[in-house]
Amino acid sequence: MDTSERFRAAVDDRDLAALGDLLTDDVRLYSPVTFTPFEGKPAVLGLFGVLLRTFENFRYIGHFTGTAQTGTDATTAPSAVLLFRAEAGGKEIHGIDLLHFDDDGRIKEFTVMVRPRSAVHALGEAVLAGLVADGLAPGPARS
């Protein structure tokens with residue numbers, strides 16, 4: 001079973017420990033709702049914990065493999081694209097996960113893209129609330 005298949009199984013099982021075993025220590029995750037990527041295994045696993053609680057009816061519906069240029073250092077790396085469908089905040093989400101692998105087969109870069117825009121907005125609000133609840137992001141400033 002390759003890394004992308006093990007990743008799918010870990011997501012299906014909602015197994016954060018198994019997900020952590022698949023990530024490099026310096027993994028970088030590009031989110032559709034933030035400009036700045038999540039960097040490092042603790043930050044990415046924290047985000048995955050929130051996502052696994054936020055997405056409803058999450059399922060992968062397709063899988064493509066090949067190579068692609070990474071955003072981090074513009075090197076060409078083995079890659080996989082996983083197509084998914086889910087719901088969040090009452091919105092149907094269509095998305096892809098783009099995974100780039102290091103020489104050992106672990107995930108070094110992860111990009112998530114979703115549509116439509118209303119789903120991106122609903123997902124962003126739900127994920128921010130989860131990150132704040134888990135102490136991974138500051139809450140809104142109060143006056």
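These are my notebook entries on the core and the salt bridges of the structure above.

Entry 1, the model. I am reading a predicted model, in which local features need pLDDT of at least 70 and side-chain atom pairs count only at pLDDT 80 or more, while totals for chains, interfaces and linings use all residues. Residues are numbered from 1 along each chain as its sequence is written, and side-chain values use heavy atoms, with hydrogens and water left out.

Entry 2, the core. I looked up the largest nonpolar core (buried Ala, Val, Leu, Ile, Met, Phe, Trp, Tyr and Cys residues joined through side-chain atoms within 4.5 Å), and among its 35 residues Phe7 and Ile107 touch the most other members. Helix 3 gives the most to this core, with six residues; helices here are DSSP runs of H or I with at least four residues, and strands are E runs with at least two, numbered from the N terminus.

Entry 3, the salt bridges. I counted a salt bridge where a side-chain nitrogen of Lys or Arg is within 4 Å of a carboxyl oxygen of Asp or Glu, and the count comes to four. Arg28 and Glu39 meet in one of them at 2.7 Å, N to O, which links strand 1 to strand 2, eleven residues apart. For exposure I used relative accessible area (buried under 20%, exposed over 50%, partly exposed in between, with a 1.4 Å probe and protein chains only), and Arg28 is partly exposed at 22%. Another salt bridge joins Arg53 and Asp134 at 3.1 Å, N to O; Arg53 lies in helix 3 and Asp134 in the segment after helix 4, so the pair ties together parts 81 residues apart in sequence.
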